[in-house]
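Subject: Structure handover and findings

Hello,

Here is the structure we talked about. Please load it before you read on; my notes follow below.

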Amino acid sequence: MSNQFQSDVGAVFGAATGLWFFAQGFRRLKLKKLVEGTATSKVRSVAMGTVELFGSAREAASLPDPIFAKPCVYYRVLVEERRGSGKNARWETMFKQDSADQPFWLQDETGRILVLPSGAELYIEQDINQTLGGLPIFSRGAQDPVEEFARKAAGGWGTRRVQAWIIRPDEPVYVLGWACAASDPMTLREKAGRRMRELFLESVRRLKAEPARMKQLDLNGDGNVDAQEWDRGLEQCRRELEKDTSHSPETSKATDIIRKSPEGLLVLSDKPESKLVSHLLWAAFLKVAGGPILALACLAYLAQRCGLLDF
């Protein structure tokens, strides 16, 4: 394949990319207008349909990120390998993974509600954007977890780029999506139920670790907690947990969920509305202005190659 032919193919691709950027720019403007025009609701007053919420992220179930194995509520990781050289250099995806099928809680001062991030359009800060060299570097220090992850996920020691987007518990989260009854209630209730069981077991462990509370369960004073007394203690833990999750300001709405709308709308961000609007405005400006410039430059090159223009 000649270099001239490659240049022609690149010009065609560039023109198509410029037009795509232009269309995406107008899409960002439309989304910006929607974000600005949707009032932020509180969890307690969520109504069915399109809704905008802002609060803190909470785990619905144990979810460690795949790189550092630390608790998170959402992650997306991408491992790419550099192929070719010079003008032919490109990044090819070797591995990608996310937790889009794992719901998490969005909590504000009035309550909390499940969010299913599947199909979400993400506007969150990139936690990792690291390029790794082709040869391993041996040292007495601890292995770089990003390098270790890339090696296990994609294998080999080629030049790799690891990118990751992670939302940790208690971090701010903005959601614009569709509030509805869970269309897959068994799956979601099972996940919520698993979390409740985890909380119950944690409550039982705390009970065992507190001698004063264990002594209170020993009603006959014989120094031992028999089966009947232990059952009474478990029932007390259950009632306390139900009280915490049903009558506190953190009341959960296990039958409702925020998810992708029938029209495909679901925005997930770690920015408040004002910063998200500013981000969308700049992204729209760059694409609307830059897209036509790229497309026209590529078309001018192709026209010159075809003899339609004479420079």
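Which residue caps the N-terminal end of helix 2? Asp144 does: one of its side-chain oxygens lies 3.1 Å from the backbone nitrogen of Val146. Please keep in mind throughout that this is a predicted model.

**Overall picture**

The protein chain has six helices and eleven strands. Of its 311 residues, 37% are buried. Take the contacts in the chain with a separation of 6 or more: 73% of them are between residues 24 or more positions apart.

**The four-stranded sheet**

Four strands form an open sheet, in the order 3-2-8-7. The pairing is antiparallel. Strand 3 (90–98) and strand 7 (128–132) stand at the edges. Each has a single partner strand, so one side of each is left without a neighbour in the sheet. On average, neighbouring strands of this sheet are turned by 15° against each other, direction ignored.

Now the pairings that involve strand 8. Strand 2 and strand 8 run antiparallel and are joined by eight bridges. There, Val77 stands opposite Ala164 of strand 8. Strand 7 pairs with strand 8 (residues 160–167) over five bridges, again in the antiparallel sense. Thr131 stands opposite Arg161 in strand 8. Asn129 has Gln163 of strand 8 as its bridge partner.

How many residues of strand 8 are buried? Seven of the eight are, so strand 8 is largely enclosed by the rest of the structure.

**Helix 2**

Back to the capped helix. Helix 2 covers residues 145–154. Val146, Glu147, Glu148, Phe149 and Ala150 are buried in it. Note that two glutamates, Glu147 and Glu148, are on that list. What covers the buried residues of helix 2 includes strand 2 (74–83), strand 3, strand 7 and strand 8. Those four strands are the ones that form the open sheet. Just after helix 2, Gly155 takes a positive phi of about 75°.

**Aromatic rings**

A search of the whole structure finds one aromatic pair. Why is it edge-to-face? The rings of Phe95 and Phe149 have their planes at 80°, with their centres 5.8 Å apart, so the pair counts as edge-to-face; the cut-off for that class is over 60 degrees. The pair links distant parts of the chain: Phe95 sits in strand 3, Phe149 in helix 2, 54 residues apart.

Are the two rings' residues buried or exposed? Phe149 has 9% relative accessibility and counts as buried. Phe95, at 21%, counts as partly exposed. The cut-off for buried is under 20%, so Phe95 falls just outside it.

Two arginines lie over tryptophan faces. Arg76 lies over the face of Trp165, at 4.8 Å from the ring centre. Arg112 lies over the face of Trp105, at 4.5 Å from the ring centre.

**Two charged residues to look at**

Lys271 first. Where is it found? Lys271 is in the loop between strand 11 (267–269) and helix 6 (273–305). Lys271 is buried, with a relative accessible area of 12%. What does its side chain reach? The side chain of Lys271 reaches the backbone oxygen of Tyr123, at 3.2 Å. Leaving aside residues up to four places away in sequence, Lys271 touches Phe54, Tyr123, Ile124, Glu125, Tyr174 and Leu276. Tyr123 therefore appears both as a polar partner and in the contact list of Lys271.

Then Arg82, which lies in strand 2. Arg82 is partly exposed, with a relative accessible area of 39%. Leaving aside residues up to four places away in sequence, Arg82 touches Ala89, Arg90, Trp91 and Thr159. The C-alpha atoms of Arg82 and Met94 are separated by 10.0 Å. Those two residues are twelve apart along the chain.

Best wishes

Notes:
Residues numbered from 1 in each chain as written. Predicted model: local features only at pLDDT ≥ 70, side-chain atom pairs only at ≥ 80, totals over all residues. Heavy atoms only, no water. Pairing = 2+ DSSP bridges. Axes fitted to C-alpha atoms, helices over the stretch in contact; angles between N-to-C directions. Phe/Tyr/Trp six-rings, centres within 6.5 Å; stacked < 30°, edge-to-face > 60°. Buried < 20%, exposed > 50% of the residue type's maximum accessible area, 1.4 Å probe, protein only. Lys NZ or Arg CZ within 6 Å of the ring centre and 35° of its normal. Contact = heavy atoms within 4.5 Å. Polar contact = N/O pair within 3.5 Å; in protein donor to acceptor, adjacent residues only side chain to side chain.
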